[in-house]
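Please walk through this protein chain part by part, starting from one strand and its partners and moving on to the cores, the aromatic pairs and a sheet with its helix.

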Amino acid sequence: MSTPEQPSDTGTTGSTGTPPDAASTSMVGRLAATVDRLRREVQAAQAEADGRALIELAKGILIERLGCGPAQAARQLADLTEQGRVGMLELAVDVINQAARDRLSEVTSVFLSATAGTGDAEDASSAVRLREAESGALAADDTQSVADSLLQHALTPLGAVAVAIWAVGSDGCLTLAGSAGFSAAEAGRWRYVPPGVATVARRALSARTTQWTASLAEAGPPTIGRTHYPHGGRVAAPAGVAGRIHGVLEIAWPSPLEPQSPQVVRQVEALAELCAHTLESHPLLSDRRNTNGPLVTPGVAELIDLVDGLHDPALVLEPHLDKSGQLSDFRIRHVNSRFMDPAGRPRGVVNGAFLLEAYPLAAGESELFQHIERVYATGEPFRSHRMDLTALVDQVPLSSVADISLSRHGDSVLLLWRVEDENARLASLLQHAQRLGRIGGFEENLLTGEITWNDTLFSLYGRSASQTPVPLEDLPAHAHPDDAVAVGRFLRTLLHHRRPATAAFRLQRPDGVTRHLRVVAEPVLDADNRLFVVRGACQDISAQHWTEVALAATRDQLAHTEQQADERNRLTLQLQHAIMPPSQAPLQAPGLQVAVRYRPAETEQLVGGDWYDAVVLPSRLVLVCVGDVAGHGIEAATSMVVLRNALRGLAVTGAGPGQLLSWLNIVAHHLTGSITATAVCGLYDPTRRTLRWARAGHLPPVLVRDTEATPLPLLKGILLGAVPETTYEEGEVQLAVEDTLLMYTDGLVERRDSSVEESMAQLLTTARTALTTLDHQLDRLLTYSRSDTDDDTCIVGIRVS
């Protein structure tokens, strides 16, 4: 027996001389080793407990089969183990599989037969793993323990790293009943999935088949643990028993999942079925049981009472299982009084019958039986409009349609439908058409005097349904006096000539309201060709009448407006042509040829304000100018006249072109209603052959000398009328014999799809062509102009001779 070591005097080291930090490290290591050892012992104890449960179950099977006691069964199991040279646990599982004949034994036998002879010990222990997982699941008291057992015993050997067990609610929601391999935070985030969210588990539930996902790609469905295993594979298998799905088993792999063998697929499906048995006791899905033990569908009596109070046909269906426990059909538990059997069988005969036996067409093209199976399996309700229900309704013709409603209540499925009668639907459409078109129908028996009106006709006449309808012979008394001729012609054609007739008249109602009606009627003759019934209809056309009146007034107003516009344009053109005729005699000036061209806009409505002038002043100088007033119409034309005449008057003062434009700017800003315009003004001195010029926001003139065409420098000058007062820069150019100077407005060069620079380049190219006369040159410029703005164009040409 060892004694405790005594501390040293210094208190820094033990009697062995070990430093304190080393001792602490050694102590932590021993504690970690102890914890690891205890964990292994717990795992071994759990495995031993699972194996002991399987061995005890195998002993019980031998006791029942051999009729021996427990001790003899134990010896028999030991002898078989020694003879077969296998482990006790493997032999016990083999005995259980032979006796159970359940899904796990089927999967195990197929799995082992496929791997026989491989010598793989891992494959040989598949049966043990599955039975240990089943044992752990059955011994567990909650679904979380089931998930742990499945991952430890059955799924980890397959390479899986996590598992989730989902419970399906009655409204189609998914609740995480248990999980293993996922973090607590991840499980908390996915504890509830609302209906309609397309997760991996939801796809398996909707398809009712196992869904294998090789990898969760970027656009893959959302699911639990996707952030932890973004490229891993997923498997989701519906967990159902007897045709009803209680949940979904979802398994996660850390890497992409390769195609699995049929044996692994069956193993996953068997584990899902094991989960289904466990989920039956889940609080979300647990059913109430009576004191005697058999399953009782909750609320069946209340459901039957509810069905009996409905005004639509209804069936209450309960599932029927075959000998293997699989869903094969549905038994008709109850039909309400609204249900009529197509074969004429009483409801008592239909009650208790199987759905497919009583109505085999339910599994036909309408797929009604498949929809019922899906609702029972998943709990998600089904709605359909205009579904063929030939098998369940008593209608003529037999091809009838109805609105279908399917819902699950406990273990029962409620089937409701509302038959859509085609004749009733057409009648409803006719009523709506009559109401929207304000059409009232009538029928009058001329022999008995009986008159039938519909509600719309009573409303048109302003009479209540309790009042007497108006006979046809009294119609003139209710019509406007001015329409008596039209109403009389209508009655003669209908009653005396016995031909269909129509008429439009104004109805004077008792409440003083006048309505415009159109009546159409036809006679009905008997076998002796005698008139005895008149049928017809009246339509309220008041809105149409007043619309036509308003349209006629608008049409007259438009015609008057067009006439005024034409007159206005005619006057504008007359004014423009009076001031600037399109063709004008050439100006006579010594040593100078002057020619002008004016092309009005192609559209008369766009009469503009382009103007030009060329006149010999008293000082023997020649005034040449072009301008463009902003806008179109009579205002632009009158403004152009003001500026043109003002410039002529100002030019006799002898002022230079810059001063003339400054004065003209004052005129434009103060005396003409603040118009804006551009202009180029020049004064040519024949003795010196010089041209002084200035510009106000206008394109500069173009000088053509020999085969070269260049624009004059761009002098400073703002457009006319923009500011109250301004000055304009002047320029002077020396001309030579045969030089040509071109002044023009922007209508010559403007294009919608080109810049000013591109248009000027095209103008200069055209102007370079040498021609014999000045008139030919101006005509060529107009002909080859690429302008597309439909604006006025003015050109003034000066050639020195």
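**A covered strand and its surroundings**

Strand β2 is mostly covered, since six of its seven residues are buried. This is a predicted model, and the description that follows should be read with that in mind. On one side, β2 pairs with β1 in the antiparallel sense, over six bridges, and within this pairing Ala 164 has Ser 179 in β2 as its bridge partner. Five residues lie between the strands in the hairpin of β1 and β2, and in this hairpin Gly 172 takes a positive phi near 90°. β2 also pairs with strand β3 (residues 192–193), again in the antiparallel sense, here over two bridges, with Thr 175 standing opposite Tyr 192 in β3.

Both β1 and β2 also take part in something wider. The largest nonpolar core has 28 residues, and those that touch the most other members are Leu 150, Leu 155, Val 163, Ile 165, Leu 249 and Ile 251. At least two residues of this core come from each of α7 (143–155), β1 (162–168), β2 (174–180), β5 (234–241), β6 (244–252) and α10 (262–279). It is α10 that gives the most to this core, with seven residues. Ile 165 shows how such a position is surrounded: leaving aside its neighbours within four places in sequence, Ile 165 is in contact with residues that include Val 146, Ala 147, Leu 150, Leu 176, Val 248, Leu 249, Cys 275 and Leu 279. Apart from this core lies another, of 27 residues, among them Trp 611, Leu 623, Val 629 and Ala 655.

The aromatic rings offer another way of following the chain, and the count of aromatic pairs comes to seven. How are the rings of Phe 330 and Tyr 376 arranged? Their centres are 5.7 Å apart and their planes stand at 85°, so the pair is edge-to-face, as planes over 60 degrees apart are counted. Phe 330 lies in strand β8 (residues 327–335) and Tyr 376 in helix α14 (residues 368–378), so the pair ties together parts that are 46 residues apart in sequence. Phe 330 counts as buried because its relative accessibility is 0%, and Tyr 376, with a relative accessible area of 4%, is buried as well, the cut-off for buried being under 20%. Trp 453 and Tyr 461 form a tilted aromatic pair, with 4.7 Å from centre to centre and 40° between the planes, and both of these residues are buried. Returning to Phe 330 and Tyr 376, ring pairs link them with Phe 369 into a cluster.

The next part to look at is a sheet. Five strands form an open sheet in the order β13-β12-β16-β15-β14, with antiparallel pairing. Its edge strands, each pairing on one side only, are β13 (451–453) and β14 (501–508), and neighbouring strands of the sheet are turned by 20° against each other on average, direction ignored. At the β13 edge, three bridges join strand β12 (residues 439–445) to β13, and the two strands run antiparallel; here Glu 444 has Ile 451 in β13 as its bridge partner.

Towards the other edge strand there is a helix to consider. Helix α18 (residues 484–496) lies across β14, β15 (514–525) and β16 (531–540), and runs at about 140° to β14. This helix has 13 residues and reaches 17 Å from its first C-alpha to its last, close to the 18 Å expected at 1.5 Å a residue. Which residues of α18 are buried? They are Val 487, Gly 488, Phe 490, Leu 491, Thr 493 and Leu 494. An α-helix has 3.6 residues a turn, so residues three or four places apart point the same way. The buried residues of α18 pack against α17 (475–478) as well as against β14, β15 and β16. Just after α18, Arg 498 takes a positive phi of about 55°.

Last comes the chain as a whole. Its secondary structure comes to 23 helices and 27 strands, and 42% of its 801 residues count as buried. Among contacts in the chain between residues at least 6 apart in sequence, 58% join residues at least 24 apart.

Definitions and conventions:
Residues are numbered from 1 along each chain as its sequence is written. This is a predicted model: local features need pLDDT of at least 70, side-chain atom pairs count only at pLDDT 80 or more; totals for chains, interfaces and linings use all residues. Side-chain values use heavy atoms; hydrogens and water are left out. Two strands pair if DSSP finds at least two bridges between them. Helices (H or I, at least four residues) and strands (E, at least two) are DSSP runs, numbered from the N terminus. Axes are lines fitted to C-alpha atoms, for helices over the stretch in contact, and angles run from 0 to 180 degrees between N-to-C directions. Contact means heavy atoms within 4.5 Å. A nonpolar core is a set of buried Ala, Val, Leu, Ile, Met, Phe, Trp, Tyr and Cys residues joined through side-chain atoms within 4.5 Å. Buried means under 20% relative accessible area, exposed over 50%, partly exposed in between (1.4 Å probe, protein chains only). Rings of Phe, Tyr and Trp (its six-membered ring) pair if their centres lie within 6.5 Å; planes under 30 degrees apart count as stacked, over 60 as edge-to-face and the rest as tilted. The expected span of a helix is 1.5 Å times one less than its number of residues.
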